[in-house]
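Student: Here is a structure with its ligand. Please go through the terms used to describe it.

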Amino acid sequence: MPVTVARSLDHALAALEEFPEALILAGGTDVMVQINKGAVSVDQVVAIGRVPELQGWRREGDWLHLGAAVTYSEMMGEELSSLVPALAQASRTVGSPQIRNAGTIGGNLGTSSPAGDTLPVLFALDAVLTIRSSTELREVPISQFVVGVKSNTLQPGELIEKISVPVLEGPQEFCKIGPRNAMVISVASFTLLADQKENRVRSCLGTVGPVPIRSMEAEDLLSNSVNWGENTVSSEVLDAFSSLCADAAKPIDDHRGSAVYRRHAIKVLSRRAASRIFIEGKS
Ligand SMILES: Cc1cc2nc3c(=O)[nH]c(=O)nc-3n(C[C@H](O)[C@H](O)[C@H](O)COP(=O)(O)OP(=O)(O)OC[C@H]3O[C@@H](n4cnc5c(N)ncnc54)[C@H](O)[C@@H]3O)c2cc1C
């Protein structure tokens, strides 16, 4: 199987222009599982793991730009943990150290699994993806990129170059439920971000629908009910918020959990996340 090991972004894009249907290989933690199972047939591979332009991250004002080849271990690093805590928390729950050293944010997006742990965080942040081919560059909001179960709008010949997210002021929480505490695929997850500049919360439900789900009704309720000066919220509002989040879930029954359990999990996780961010009891 011919493999192009790209040494630069131009090299990768030229290879993808020549072989638009080539498999893009980053960390290989999803792709190699599929190849080893014989679930995909591959004629050409473009390996992008060593492309310098896809590595690292930079901050520009209130925006953070993450190269598509940034790994989970890097997202757990001290600086990124303080800039986007929820992304670091999500990264900590992924696989094992080996998987976190190899697996990338671009690969999580490329797979677009409903259980992909960075996806709900990126939805809550309204992340913007920069997608390139040899002839075009487009900037795509994440909600227009992930469009179904393992389905996205990447076209042949294109790759994800970077992911841009706002740097928010305020605490963030990512909570995930699985059958055990480590090496576990999500059964349900919940992301909650406080934006103390805008006095708004942003949230997202993970693994309880074909794509991550935001409940604007739940976000509006919590945003409008929090006492932002004192960082407090009443127990009644937390109850109502978690009920709205659970109502927004569109879970299925599968071997990892029933729809009923998943909806309940969202209710528990959303209340837990909100009571970690805000002081409960006073309105
Ligand atoms: C044991 C194990 C545990 C795991 N645990 C978790 C977990 O807890 N949570 C979780 O979310 N995932 C988990 N995964 C899945 C996997 O590690 C992640 O989805 C990871 O982010 C994939 O990244 P990668 O770089 O390895 O992608 P690859 O396997 O290299 O690629 C994945 C897909 O993305 C495409 N792709 C990669 N980079 C780009 C790019 N820049 N532009 C366009 N397309 C691209 C590839 O063509 C492919 O379709 C686990 C996997 C294993 C094997």
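Student: What makes the pair formed by a backbone N or O atom of Ile 24 and an oxygen atom of the ligand a polar contact?

Tutor: The two atoms lie 2.6 Å apart, and a polar contact is a pair of N or O atoms within 3.5 Å. This is a predicted model, in which local features need pLDDT of at least 70, side-chain atom pairs count only at pLDDT 80 or more, and totals for chains, interfaces and linings use all residues. Residues are numbered from 1 along each chain as its sequence is written, and side-chain values use heavy atoms, with hydrogens and water left out.

Student: Which distances do Ala 26 and Val 184 give?

Tutor: A backbone N or O atom of Ala 26 is 2.8 Å from a ligand oxygen, and a polar backbone atom of Val 184 is 3.2 Å from a ligand oxygen. The protein covers 87% of the 980 Å² of accessible area that the ligand has on its own (Shrake-Rupley method, 1.4 Å probe).

Student: How are the residues of the shell around the ligand divided?

Tutor: There are 17 nonpolar, 13 polar and three charged residues. Asp, Glu, Lys and Arg count as charged, and Gly is among the polar ones. Helix α7 gives the largest share of the shell, five residues.

Student: Why is helix α5 called largely enclosed by the rest of the structure?

Tutor: Six of the eight residues of α5 (residues 85-92) are buried, so the helix is largely enclosed. Buried means under 20% relative accessible area (1.4 Å probe, protein chains only). The buried residues include Leu 87 and Gln 89.

Technical notes
Buried < 20%, exposed > 50% of the residue type's maximum accessible area, 1.4 Å probe, protein only. Helix = DSSP H or I, 4+ residues; strand = E, 2+ residues; numbered from the N terminus. Polar contact = N/O pair within 3.5 Å; in protein donor to acceptor, adjacent residues only side chain to side chain.
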